[in-house]
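Biologist: I am new to this structure and would like a close look at a single part of it, with its surroundings explained step by step.

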Amino acid sequence: MKKDMELANEVIRISGANPIRCMKCGKCSASCPSFNEMEYAPHKFVDMVVHGRIEELMESKSIFHCLSCFACVERCPRGVEPAKIVEAIRVVKQRQIGENYLDANDIPAIVDEQIPQQALVSAFRKFKK
Amino acid sequence: MLKIGVFVCWCGSNIAATVDVKQVVEAVKLQQGVVFATDYQYMCSEAGQLIMRNAIEEYKLDGVVICSCSPRMHEATFRKNAERAGLNPFMVEIANIREHCSWIHKDVEEGTIKAIALANAAIAKVKLNAPLISGESGVTKRALVIGGGIAGIQTALDIAEAGFQVDIVEKSPTIGGNMAKLDKTFPTLDCSACILTPKMVDAAANPNIELLTYSEVEKVSGFVGNFKATIRKKARYINTDLCTGCGDCMSKCPSKKGKNEFNCGLNNRPAIYIPFAQAIPNVAVIDPVQCIKITKDKCGLCQTVCSAKAIDYKQQDEIIEREYGAIVAATGYKPIKLDKFDEYGYSQSKDVITSLELERLMNAAGPTGGKLVKPSDGSHPHTITFIQCVGSRDISGRGKCYCSKICCMYTAKHAMLIRDKYPDVNVNVFYIDVRTPGKNYDEFYRRAVEEYNVNYIKGQVGKVYESDGHLVLQASDLLNNEQILVNSDMVVLATAIEADESAKKVASMLTASIDTNNFLTEAHAKLRPVESPTAGIFLSGVCQGPKDIPETVSQASACAAKVIGLLSKAKLVTNPCVAHSDELLCNGCSNCANVCPYGAIGYETKLINDHGIRENRRVAVVNPALCQGCGACTVACPSGAMDLFGFSNSQIMAEVEAICKK
Amino acid sequence: MQEVKDFKPTIVAFCCNWCSYAGADLAGSSRLSYPADVKIIRVPCSGRVNPMFILKAFERGADGVIICGCHPGDCHYSTGNYYTRRRLALLYSMLDYMGIERGRTRVEWVSAAEGVKFSTVMNKFVEDIRALGECVKLGDIRCKD
């Protein structure tokens with residue numbers, strides 16, 4: 001349990017977000033364009049971070065299905081910024097692996113044509129502001 | 001040399017068990033100026049008080065120190081007793097050797113040493129006490145109520161009922177406020193107009209109430225009991241004494257493109273208009289921006305059709321100056337603007353409306369005659385979806401951080417009324433939490449779910465868009481962990497409410513404090529909920545925070561009770577422990593006035609004789625009737641000119657010194 | 001170590017009349033003990049505490065000064081404790097400059113209902129001051145008898 005909270009605190013620190021402010025309104029999940037692709041929807045995500053369930057999240061494909069469109073960040077009435085938390089979990093995951101999660105050569109085979117490429121979208125969202 | 005008497009109380013064994021009172025008496029006798037010291041079992045008893053009075057007379061005491069319980073307990077008793085013996089009541093100091101000493105310590109030696117230290121501190125202080133005299137000020141027997149909604153009307157009616165004069169100043173052409181726009185009221189579903197309009201008529205008919213509609217308060221000066229207000233009565237271009245409210249002018253007016261404020265802009269009104277059929281006063285008003293006669297000097301039709309000859313295009317604003325003993329703020333609320341909530345499509349689709357607009361659409365006196373139709377094409381809707389918490393509980397900066405309190409209940413009401421009148425219409429409600437505390441409130445909400453089959457969905461709506469002629473809501477259903485698409489013909493937004501835009505101006509005029517949301521602050525959240533911290537200013541209704549009608553009415557009456565209490569006094573006794581400024585030291589910097597929460601400090605240019613130099617200086621002057629004696633100014637003053645009677649710098653310094661003396 | 005245990009510090013507590021003084025009264029009527037070293041001075045509002053009073057206390061041999069007021073937002077005079085908070089933040093840096101340890105001055109919010117808190121705060125403060133020892137920095141040697 002202690003280790004879980006440590007991990008959660010690291011995620012919170014990296015993201016700069018504040019999941020404890022969440023009032024469970026579901027606005028993030030209502031706004032999420034890739035809701036159906038995700039194992040854990042954004043509101044679930046935030047709750048899992050609050051309860052220190054980071055390892056489950058890290059094992060989930062959900063974190064790479066988040067488009068980083070930031071719709072949840074824009075609309076969250078409590079300023080929780082779920083997309084930043086997702087981003088932070090990706091970072092923690094990547095740090096643990098110690099190298100790139102993917103070999104660049106493997107990408108074409110697994111890209112879902114229906115979904116914009118997360119890394120691309122994420123990049124311009126992050127550097128827009 | 002001042003002669004001080006010290007009286008040490010045993011309080012039975014409460015003090016005497018842990019403090020050696022005899023030793024305290026002997027110790028204080030060593031203090032300079034102490035000419036008499038004694039102990040007694042119960043100083044607060046009649047016998048104890050007699051000992052004190054006798055000593056004051058016999059030894060001609062200038063100051064008295066009582067070593068006893070907390071001053072919060074018996075300070076008033078001992079002060080009154082001193083007065084009976086001919087000593088100024090403010091020459092009494094209490095050393096708290098019970099709550100702060102005997103009750104918390106077990107060791108007698110320790111307790112006695114501390115009791116002596118506390119007694120010495122009180123002796124040091126009392127030597128610097130000055131006799132103070134409570135002032136008196138008169139009370140003007142008239143109240144001003146700012147705002148003519150249900151809160152203002154109820155407060156005014158209650159004050160008038162008690163026999164005092166009241167003026168209601170309302171900025172719009174009619175009283176009634178937001179409540180007049182409502183269709184039905186929860187939780188009893190009685191019609192709003194049926195319960196409000198009789199009160200409006202009562203207010204107009206009451207000889208003690210004067211309605212100043214289409215008027216605004218421009219300036220307020222003075223202090224509790226003695227306010228002076230300047231009120232601007234805006235030109236209506238109608239002689240209100242002559243106008244009969246027949247409405248002939250309205251039908252003839254060719255300029256019909258004005259937004260009907262009363263119907264939330266859902267339809268238009270002419271340039272000359274009566275806001276609504278039950279308006280009080282039931283007289284017309286001309287919109288000077290819209291009227292072609294006033295803007296371009298053409299037309300003039302209304303004057304020709306008016307058989308009462310009431311129309312006067314040359315009418316000017318009128319300035320009224322009145323004196324009041326008390327002022328009530330009842331400025332009310334308005335729904336927030338939705339321009340930051342584009343995802344709901346309020347500006348894109350006519351079928352997305354606010355709850356207040358829905359009230360008008362469902363009201364028999366509304367633009368559709370009470371028939372619920374889609375505003376876009378006038379057709380009958382089959383599905384209506386409500387979204388709650390639009391802008392409420394939002395700390396992202398788009399909305400308001402607080403819960404607007406009324407939305408859960410009125411949404412349940414709307415849902416129920418729609419299902420009752422049109423059983424073929426499906427009603428969905430998206431909610432975050434349903435909050436229905438209040439008498440018969442939760443039962444009301446449950447009725448909507450259980451009897452009227454309203455579909456409550458826990459979740460929020462991400463976006464609303466148009467597709468194939470109807471609206472689609474993309475939303476989350478949290479209990480099923482799903483993202484859902486809901487088709488709907490109309491969407492109703494439970495828009496957050498905020499303080500009326502006039503609140504800020506009114507608060508600064510009244511020097512009443514206001515919070516970050518522009519709600520006026522009460523003097524104490526629990527114990528003084530209808531008074532402003534500024535003496536003589538009272539709060540009624542939503543101007544203090546979101547409230548529904550029952551709560552507003554209770555607060556309005558409570559507020560009236562406080563006003564009546566104030567106005568019934570012949571004289572106001574002022575607290576003499578107030579700040580005062582030394583004119584010779586004051587440099588007129590305004591630091592003190594900036595920190596004063598009561599606006600009690602003003603400035604005067606005075607001829608000052610400073611060691612032979614005579615010059616005009618700007619100096620601070622404290623109004624003792626307004627000052628509450630907090631002492632904030634004394635610390636802010638850079639030149640040390642400000643000081644506080646009863647807790648002066650030198651008195652507190654003396655206490656510090658006495659305590660630190662080893 | 002023995003010395004520390006016997007050390008009886010002089011502690012001045014400024015309590016606002018409306019919240020903390022009443023809180024101290026409640027601590028008393030609930031018989032919640034705290035060391036006799038704490039002596040309370042009643043002020044109308046924590047905003048009445050002039051930094052000069054604090055300096056004066058240190059000059060006259062106080063080892064610790066604690067200022068208690070209503071919780072932020074609950075001030076009887078609406079804003080007094082906000083001024084206290086800002087004022088004391090500034091005073092801290094001055095006390096730092098003078099070499100008076102930070103722990104010797106403290107601001108605490110105690111409401112009229114918090115008798116327990118009052119007693120805990122005072123116990124803790126006295127304990128901390130005992131650990132810090134006697135304050136000699138500002139002590140006016142002329143005052144010593």
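Is B:N120 buried or exposed, and why?

Modeller: Please keep in mind that this is a predicted model. B:N120 is buried, because 25 other C-beta atoms lie within 10 Å, and a residue counts as buried if that number is 20 or more. The residue is found in helix 5 of chain B, and, once its neighbours within four places in sequence are left aside, B:N120 is in contact with B:V28, B:Q31 and B:A658. B:E99 stands 21 residues from B:N120 in sequence, and the two are 17 Å apart in space, from C-alpha to C-alpha.

From here the view can widen to the contact between chain B and chain C, which takes 37 residues from chain B and 35 residues from chain C. On the side of chain B that touches chain C, the elements giving two or more residues are helix 3 (71-84), helix 4 (98-102), helix 5 (108-126), helix 17 (632-636) and helix 18 (649-660) of chain B. Helix 18 of chain B gives the most to this side, with eight residues, and by class the side of chain B that touches chain C holds 18 nonpolar, 11 polar and eight charged residues.

Chain B also meets chain A, where 18 residues of chain A are in contact with 19 residues of chain B. On the side of chain A that touches chain B, helix 2 (residues 27-31) of chain A gives the most, with four residues, while the classes there are eight nonpolar, six polar and four charged residues.

Notes:
Residues are numbered from 1 along each chain as its sequence is written. Chains are lettered from A and ligands numbered from 1 in the order in which they are written. This is a predicted model: local features need pLDDT of at least 70, side-chain atom pairs count only at pLDDT 80 or more; totals for chains, interfaces and linings use all residues. Two residues are in contact if their C-beta atoms, placed from the backbone, lie within 7 Å. Ala, Val, Leu, Ile, Met, Phe, Trp, Tyr, Cys and Pro count as nonpolar, Asp, Glu, Lys and Arg as charged, and the others, Gly among them, as polar. A residue is buried if 20 or more other C-beta atoms lie within 10 Å of its own, exposed if 12 or fewer, and partly exposed in between; C-beta atoms are placed from the backbone.
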